[in-house]
Amino acid sequence: TIAIDRSDPVLFQRLTHTLVRGERLVQLIYTLWFPERPSRGAFDLLAGQLDGVILRMTLAPDGTPWMLDTIHACGCYHLFFPARGVGLRDSAPTDEEWAFVPAALPTLAPGERFVIRLSSVAHQVIGVGTTAATDTSATRYRLAPETLLRRLPWPGGGTRSLYGAHGLVAGSERGERLFFWPMGIANAGAMRQWGHHATAFVGRRHFDDADLLDRRFVFPGLGAP
């Protein structure tokens with residue numbers, strides 16, 4: 001049984017890299033977990049135990065935020081928020097899901113930080129803004145390495161991973177899997193370990209693809225389009 005300790009808010013973090021025109025860019029990954037996605041009715045196929053949102057910030061060589069993209073911990077709802085100067089490539093293929101860009105990433109002024117707003121029930125990303133870094137009105141959370149999720153304390157001693165042998169979280173299954181299994185994604189809707197997030201039902205796309213951003217976006221100063 002998996003439970004979320006609401007008295008101790010934690011944001012799990014990971015450091016990765018991506019390649020754009022041969023340039024290695026730093027990526028900051030943050031994962032926030034919720035106890036459940038509450039049901040909105042008797043036939044809510046998206047409801048279930050445990051829910052998570054993953055935020056990824058890609059930095060320019062000088063450390064400037066260049067791209068925020070987000071998914072749920074099941075791999076669904078992939079959204080891209082490019083910074084000013086970052087453009088979407090032309091001639092996107094028609095036989096796969098390419099890139100959904102609902103808004104641009106705001107430009108940070110000195111003394112500001114980003115604010116990502118989520119809906120209260122579905123945990124959807126509904127807005128990206130900024131606020132003063134000195135704002136103390138919100139509840140603070142602590143940061144912890146995401147690797148801790150692979151060695152959670154086990155009753156009676158020892159540890160156990162949150163994830164099973166196939167990178168899935170047992171007990172987080174969703175009713176939608178019964179409809180989407182023909183699309184080729186095993187247990188669609190279930191929460192997943194890093195490296196197991198297919199983010200498209202049409203075509204092939206994974207959240208940790210090394211060329212994910214390079215194929216879809218043009219970054220200023222990084223080689224030819």
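Let me start with Asp69, which at 0% relative accessibility counts as buried, and whose side chain forms a salt bridge with Arg56, with the closest N and O atoms 2.6 Å apart. Please keep in mind throughout that this is a predicted model. The Asp69–Arg56 pair links distant parts of the chain, since Asp69 belongs to strand 4, residues 65-72, and Arg56 to strand 3, residues 48-59, with the two positions 13 residues apart in sequence. Arg56 is the partner to look at next, and at 2% relative accessibility, which is under the 20% cut-off, Arg56 counts as buried as well.

As general background, side chains of opposite charge can pair when their charged atoms come close. How many salt bridges does a search of the whole structure find? The search finds eight, and I will go through two others besides the one I began with.

In one of them, the side chains of Arg89 and Asp214 meet at 3.7 Å, N to O. Arg89 sits in the loop between strand 6 (87-88) and strand 7 (112-118), while Asp214 is in helix 2, residues 212-216, so this salt bridge ties together parts of the chain that are 125 residues apart in sequence. Both Arg89 and Asp214 are buried, and these two residues, together with Arg21, are linked in a network of salt bridges.

The other joins Glu96 to Arg215, again with the closest N and O atoms 3.7 Å apart. Glu96 comes from the loop between strand 6 and strand 7, and Arg215 from helix 2, so that pair links parts of the chain 119 residues apart. Here the two partners fall into separate classes of accessibility: Glu96 is buried, with a relative accessible area of 18%, whereas Arg215 is partly exposed, with a relative accessible area of 34%.

While we are on the loop between strand 6 and strand 7, I should mention Pro106, which lies there too and is partly exposed, with a relative accessible area of 23%. Pro106 and Asp211 are 105 residues apart in sequence and, taken C-alpha to C-alpha, 24 Å apart in space. Another proline, Pro9, is found in the segment before strand 1 (10-20), and at 32% relative accessibility it counts as partly exposed. Pro9 and Trp33 are 24 residues apart in sequence, and their C-alpha atoms are 9.1 Å apart in space.

Let me turn to the backbone. Most residues other than glycine have a negative phi, and against that background there are two residues I would ask you to look at. Leu50 has a positive phi, near 65°; Leu50 is placed in strand 3 and is buried, with a relative accessible area of 6%. Tyr77 also has a positive phi, near 60°, but this residue lies in the loop between strand 4 and strand 5 (79-82), and at 33% relative accessibility Tyr77 counts as partly exposed.

Tyr77 also leads us to the empty spaces in the model. Which residues come closest to the centre of the second largest pocket? That pocket holds about 190 Å³ of space, and of its 15 lining residues the closest to the centre are Gly75, Cys76, Tyr77, Thr199 and Phe201. By class, its lining has eight nonpolar, four polar and three charged residues.

Turning to enclosed space, the structure holds four cavities of 30 Å³ or more. The largest cavity has about 70 Å³ of space, and its lining includes Cys76 and Tyr77, along with others, among them Arg37, Asp51, His72, Arg174 and Glu176. That lining is made up of five nonpolar, two polar and four charged residues. The second largest cavity, with a volume of about 40 Å³, is lined by Arg14, Glu146, Leu149, Arg150, Tyr163, Gln193 and Trp194, which divide into three nonpolar, one polar and three charged.

I will finish on the outside of the model, where Leu45, Leu178, Phe179, Phe180, Met183 and Val202 make a nonpolar surface patch of about 560 Å². Phe180, one of these residues, is found in helix 1, residues 177-180, and at 31% relative accessibility Phe180 counts as partly exposed.

How values were computed
Residues are numbered from 1 along each chain as its sequence is written. This is a predicted model: local features need pLDDT of at least 70, side-chain atom pairs count only at pLDDT 80 or more; totals for chains, interfaces and linings use all residues. Side-chain values use heavy atoms; hydrogens and water are left out. Patches are made of residues with over 30% relative accessible area and no salt bridge: like charges are joined within 9 Å, nonpolar side chains (Val, Leu, Ile, Met, Phe, Trp, Tyr) within 5 Å. Accessible areas come from the Shrake-Rupley method with a 1.4 Å probe; for residues, only the protein chains shown count as cover. A salt bridge is a side-chain nitrogen of Lys or Arg within 4 Å of a carboxyl oxygen of Asp or Glu. Helices (H or I, at least four residues) and strands (E, at least two) are DSSP runs, numbered from the N terminus. Buried means under 20% relative accessible area, exposed over 50%, partly exposed in between (1.4 Å probe, protein chains only). On a 1 Å grid over the protein atoms alone, a cavity is a set of points where a 1.4 Å probe fits but cannot get out, and a pocket is an open set with protein on both sides within 12 Å along at least five of seven lines; lining residues have an atom within 4 Å of a point. Grid points are joined across faces, edges and corners, and a volume is the space filled by probe spheres set on the points. Ala, Val, Leu, Ile, Met, Phe, Trp, Tyr, Cys and Pro count as nonpolar, Asp, Glu, Lys and Arg as charged, and the others, Gly among them, as polar.
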